[in-house]
Amino acid sequence: MTTLLAALIAVWLFTLGPYRTVELPQAVASAEPPLLGVFEGDAPVVDGADWPRRRELLLNALAQHVYGPAPPERAAHVASRSPIPAAEAGGVERVEQWEVEVEGAGRFNLVLVLPPQQQDSAPVIIMQNFCGNRAAFPGRPAAIAAPLRYYPIPCRSGAFDPLHRAFFGRWMLGPPFERIGARGYAVAMFYGGDIIPDYAPDARPALDALAGPDAGAVSAWAWLHARVVDVLSEDPRFDARRMIAWGQSRYGKIALLAAARDARIAAIVAMQSGRAGDALTTHRAGESVRNIARVYPHWLSPRFAEYAARNPPVDQHQLLALLAPRPVLLGWARRDGWSDPAGAFIAAQSARPAFELLGAPAPEHYFRGGGHGVEDADWEATLDFLDRRIGG
Ligand code: GCU
């Protein structure tokens, strides 16, 4: 009986369910609402000088209908800096741990991994992680802080780490630090749950205090990216003109929003960011609006749930357009229907006019085999893209 049930679930997963194979469409019509045409009564955008006006309008519409407002500007400073010897960091060289204090919001831990020999001006990849900073290092070293607040249950013990890696790829819990360093990039990594727990009952009060009842956690975590840019920009070892937002899945949604709001971010890599990430809401494939609003009610503005039944007045191609003219890489996987690669492809195509308007190359994408997760190929694609577009 159990075997039969397991077999049925497996068949469902790989045929109709989240692991079914998806293909990208051949030709696509541009998504609605129009990007440069009349939008919310605003006159068409005809040249680059009109873009800042449209940009503001799109940011507001996304805040109103999808993410909720950004928390207000708050000063951030580094409260402590501790170098961690490789022997205490799972063998990873040149690690530092900073405690970052954000006025009125609390503290979070930021882990930095510097490239070998680099003295100053390293481009830096800013990213979050799923199970906290400690779990991102080999052997979960005690010297690297564990999350300060909510800790997802499957992350609490290292016993699940092999399963995480088996299902979601070798680099699901943390990036290949050495490989990234060898290509000349630093990593700045944090766990957003230190400030806003990724758990609805605890997230809501924290969000209410920080940004009010309409704010979602994606918006607040994206705002933390900006606080990381604040503190890194003051350290000459990092190149303030080459700050990169990187994220996969929920963290891909966050990287996109962080960069849409913050012009200091020079390049964006978002992998399998799906619903409320790079996939068009109106494409209606993969994860539904109803699902994300029910299972993760704290992630987005409560208003977003209304678009389960009708189309939203703003869509994700308009979010991608806000990244122009910067280099963008979107990553998708063939067996990741949940993240709706086809809906993301249409969004990326529909965002192109903004990049053309600003004289910049269109967003790049790559589509690998396999499922949702972070594999070697994802980091190779990331580093090749960054070398090509901003230089390691
Ligand atoms: C869930 C969720 C997605 C999200 C993903 C992740 O699958 O439905 O929207 O992207 O978690 O962050 O891994």
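These exercises work through the overall build, one helix and the nonpolar cores of a predicted model.

Residues are numbered from 1 along each chain as its sequence is written. In this predicted model, local features need pLDDT of at least 70, side-chain atom pairs count only at pLDDT 80 or more, totals for chains, interfaces and linings use all residues, and side-chain values use heavy atoms, with hydrogens and water left out.

**Exercise 1. Judge the radius of gyration of the protein chain against that of a compact globule.**

Step 1. Take the rule: 2.2 Å times the number of residues to the power 0.38, with the radius taken over C-alpha atoms.
Step 2. For 392 residues, the rule gives a value near 21 Å.
Step 3. The protein chain has 20 Å, so the two agree.
Step 4. Add the box: along the principal axes, the C-alpha atoms fill roughly 65 × 55 × 40 Å.
Step 5. Add burial: 57% of the 392 residues count as buried (under 20% relative accessible area with a 1.4 Å probe, protein chains only; exposed is over 50%, partly exposed in between).

**Exercise 2. Find which face of helix H5 is buried and which residues sit on the other face.**

Step 1. Count elements: the protein chain has 11 helices and nine strands (DSSP runs numbered from the N terminus; helices are H or I of at least four residues, strands E of at least two).
Step 2. Locate H5: residues 200-211, 12 in number.
Step 3. Check its span: 15 Å from first C-alpha to last, close to the expected 16 Å (1.5 Å times one less than the number of residues).
Step 4. List the buried residues: Ala203, Ala206, Leu207, Leu210 and Ala211.
Step 5. Down the axis of H5, these fall within an arc of 100°, so they line one face (the arc uses directions from the helix axis to the C-beta atoms).
Step 6. Recall that an α-helix has 3.6 residues a turn, so residues three or four places apart point the same way.
Step 7. The face turned away carries exposed Pro201, Pro205 and Ala209.
Step 8. The buried residues of H5 pack against H6. Just after H5, Gly212 takes a positive phi of about 90°.

**Exercise 3. Trace Ile196 in the largest nonpolar core.**

Step 1. Define the core: buried Ala, Val, Leu, Ile, Met, Phe, Trp, Tyr and Cys residues joined through side-chain atoms within 4.5 Å.
Step 2. The largest has 123 residues; Leu110, Phe137, Ile196 and Leu232 touch the most other members.
Step 3. Helix H6 (residues 217-233) gives the largest share, 11 residues.
Step 4. Beyond neighbours within four places in sequence, Ile196 is in contact (heavy atoms within 4.5 Å) with Ala203, Ala206, Leu207, Leu210, Ala217, Ala220 and Trp221.
Step 5. Another core of five residues lies apart, including Ala135, Tyr151, Cys155 and Leu173.
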